[in-house]
Amino acid sequence: MQLGWLRYALLLFGVLCQCVTISITWPLWQVRDMPPHLPTLDVPQLPFGWALIATLVLTVWRPRVGVAVHFGVLVVAAVIDQFRLQPQFFSIAVLMAACVWDAGHRIARWSLVSTWVWAGLHKLLSPDWFGYASHWLVARSGFDADENYWWVALVVAIVELTVGVIAIGWPRLVAPACCFMHLGIAFTISPLLVDWNESVLPWNLSVAVIGTWVMWTTKSWRPEFGWEWLVFSFACFAPAGFFVGWLDHGFSGVLYSGSIPQGLVTTRSGVLQVDGWGDLRVPFPKERRTIRIYFEQVGQPGDKLHLSDPRPLLDDAFYVLGGNGKARPISRDEFFAGVPVVNDGLAGFDGAAEMAGVAVDSRRALFELRRAGVKLLRAAEVQPIFAVEFSPDNFEPGLLEHLVRLPNVMQVQLAGTAVRDEDLVRLAELRLLTGVGLSHTAVTDSGIENLSGLPYLQVIECEGTEITEAAIAAVINPVPSFAEEMD
């Protein structure tokens, strides 16, 4: 069956958007050294850039064959290198399919519904979206972030969720909203405002045009076929699998909400943040498996990885790279054991020394503590927070909750604050703590007992308190120098 002029024009627009997206991210589709490929299978790497362009040319000539081949090449390219698991490529391909098949039209409709509903839900459920993520977005847009970030976060989440819910029962009603919402997003991330993540600009434009047409031309709000009910069910419920690690965040509607895994590799020469961007112009597809694969690609035997996961149902993970090039799970204590890495490496130790791992500082914790005015200290710009200083004006007991997500902290200053005995329970979770300042506080021996399990605690400042020398002696652990330990 021949495509009508409107469908063909929309298809050409989708082809153009995909061509622009591929050209923006051209190095992603080539064989490269860094950032490393993230292979699913141990097969030779191949360039895919021109192959994808060829399939788009074929789409212009033979639409149905071309779209099918293009989608197939996308899948193969992503299997060979999971760095290419960027949702914008596949979403544009689905929108192109909507222009050539009735089934593609139905799939595209439910794909958009899922994206909107879950983008809103993930934001509403994400403390990070109502924290550093929206604050960064508002600040980069040139507005007063401190005053506006929270209500902007709420409005954006509610609008996305509302559009998605309405699109389930009244798709034609949201067609104008689809157009304006995605044109607005395109404007926001364009060089005119935020100037960030240009690779999704063509996708937003394709949704604003083709997605609007899909919603406007949907005849029945209900799925009409058995297979469509399966698509509907998957689109509506599968993204919940993100919370337990079953579905990637890029395909679960987790758009800018922030609550995704982070990774930090400790090497003998320093630390390496697991990240993307650069010449690839796309973010790292941060999943637990891809972070681990990255570690295996860049690490050397003995290197360590902290995989920090902010999702409540998933724990952090710690790894060491074995001699076979595979990541081996280790405990938290094993991760921190060894000689600390400083700016120039292992502080004079030879290659046989075991390194102490450097853990990820939670962006959520950093944001909340900084917003409260708490002083955070680093040894160098690329190093983690090693010291935290509270003042009588900014101390709140609840802020100590965030220290747990700054696992490299060695010193905490609480002098003169309203800290109480029971508050020190939180400090007991800082394994690397070596010193704590409690002068001129109401802390007593009872509070000091909470620190008895800290292996490196050496100093407790307690001038002007009721803390006794006996209580301090019972909890501090004078340790030999690292050089002595290695002997």
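Two rings of Phe, Tyr or Trp, with the six-membered ring standing for Trp, count as a pair if their centres lie within 6.5 Å. Keep that cut-off in mind for the first view, and note that everything below comes from a predicted model.

**Figure 1. Ring pairs join W136, W196, Y256 and W277 into a cluster.**
Start here if you like aromatic side chains. The four members of this group, W136, W196, Y256 and W277, are linked through ring pairs. For the wider setting, searching the whole structure gives 18 aromatic pairs. Two of those pairs get their own views further down.

**Figure 2. The whole chain, for orientation.**
Before zooming in again, here is the frame that holds the other views. The chain has 487 residues, and 51% of them count as buried. Its secondary structure amounts to 16 helices and 12 strands. Measured out along the principal axes, the C-alpha trace spans about 90 × 50 × 40 Å. Among contacts with a separation of 6 or more, 62% come from residues 24 or more positions apart.

**Figure 3. W110 and F232 make an edge-to-face aromatic pair.**
The ring centres of W110 and F232 are 4.8 Å apart, with 70° between the planes. Why does this pair tie together parts that are 122 residues apart in sequence? W110 belongs to helix α5 (residues 102-125) while F232 belongs to helix α10 (residues 226-237), so the link reaches across that stretch of the chain. Are W110 and F232 buried or exposed? Both residues are buried.

**Figure 4. F318 and F335 form a tilted ring pair.**
Here the centres of the F318 and F335 rings lie 4.9 Å apart, and the planes meet at 50°, so the pair is classed as tilted. F318 sits in strand β4 and F335 in helix α12 (residues 332-336), so the pair connects parts 17 residues apart in sequence. F318 and F335 are both buried.

**Figure 5. A317 at the start of strand β4, residues 317-321.**
Stay with strand β4 for a moment and look at A317. Its relative accessibility is 10%, and because buried means under 20%, A317 counts as buried. Which residues does A317 touch, leaving out those up to four places away in sequence? They are R288, L305, H306 and L307. As a distance reference, A317 and T55 are 41 Å apart from C-alpha to C-alpha, with their positions 262 residues apart in sequence.

**Figure 6. Helices α3 and α4 cross at roughly 160°.**
Two packed helices can be described by the angle between their axes and the distance between those axes. For α3 (residues 63-80) and α4 (residues 87-100), the axes come within 10 Å. The two helices are therefore roughly antiparallel, and their crossing is left-handed. From α3, the contact uses P63, R64, V67, H70, F71, L74, V75 and A78; from α4, it uses F89, F90, A93, V94, M96, A97 and V100. By class, these residues are 13 nonpolar, 1 polar and 1 charged.

**Figure 7. Helix α5 packs against helix α7 (residues 145-169) at about 150°.**
The axes of α5 and α7 are 7 Å apart. That angle makes α5 roughly antiparallel to α7, and the crossing is left-handed. On the α5 side, the contributors include W110, V113, W116 and V117, and on the α7 side they include L154, V156, A157 and I158. The full contact divides into 16 nonpolar, 2 polar and 3 charged residues. W110 may look familiar, since it is also the α5 partner of F232 in the edge-to-face pair.

**Figure 8. Helices α6 and α13 cross at roughly 80°.**
In this view the axes of α6 (residues 129-140) and α13 (residues 363-371) come within 9 Å. The helices are therefore roughly perpendicular to each other. G131, Y132 and H135 of α6 meet R363, R364 and F367 of α13. The contact holds 2 nonpolar, 2 polar and 2 charged residues.

**Figure 9. G184 in helix α8, residues 175-189.**
How accessible is G184? With 29% relative accessibility, G184 counts as partly exposed, because that class runs between the 20% and 50% limits. The C-alpha atoms of G184 and V65 are separated by 33 Å, and the two residues are 119 apart along the chain.

Methods:
Residues numbered from 1 in each chain as written. Heavy atoms only, no water. Helix = DSSP H or I, 4+ residues; strand = E, 2+ residues; numbered from the N terminus. Buried < 20%, exposed > 50% of the residue type's maximum accessible area, 1.4 Å probe, protein only. Contact = heavy atoms within 4.5 Å. Axes fitted to C-alpha atoms, helices over the stretch in contact; angles between N-to-C directions. Parallel < 35°, antiparallel > 145°, perpendicular 65-115°, else oblique. Left-handed = near helix turned anticlockwise from the far one by under 90°. Nonpolar A, V, L, I, M, F, W, Y, C, P; charged D, E, K, R; others polar. Phe/Tyr/Trp six-rings, centres within 6.5 Å; stacked < 30°, edge-to-face > 60°.
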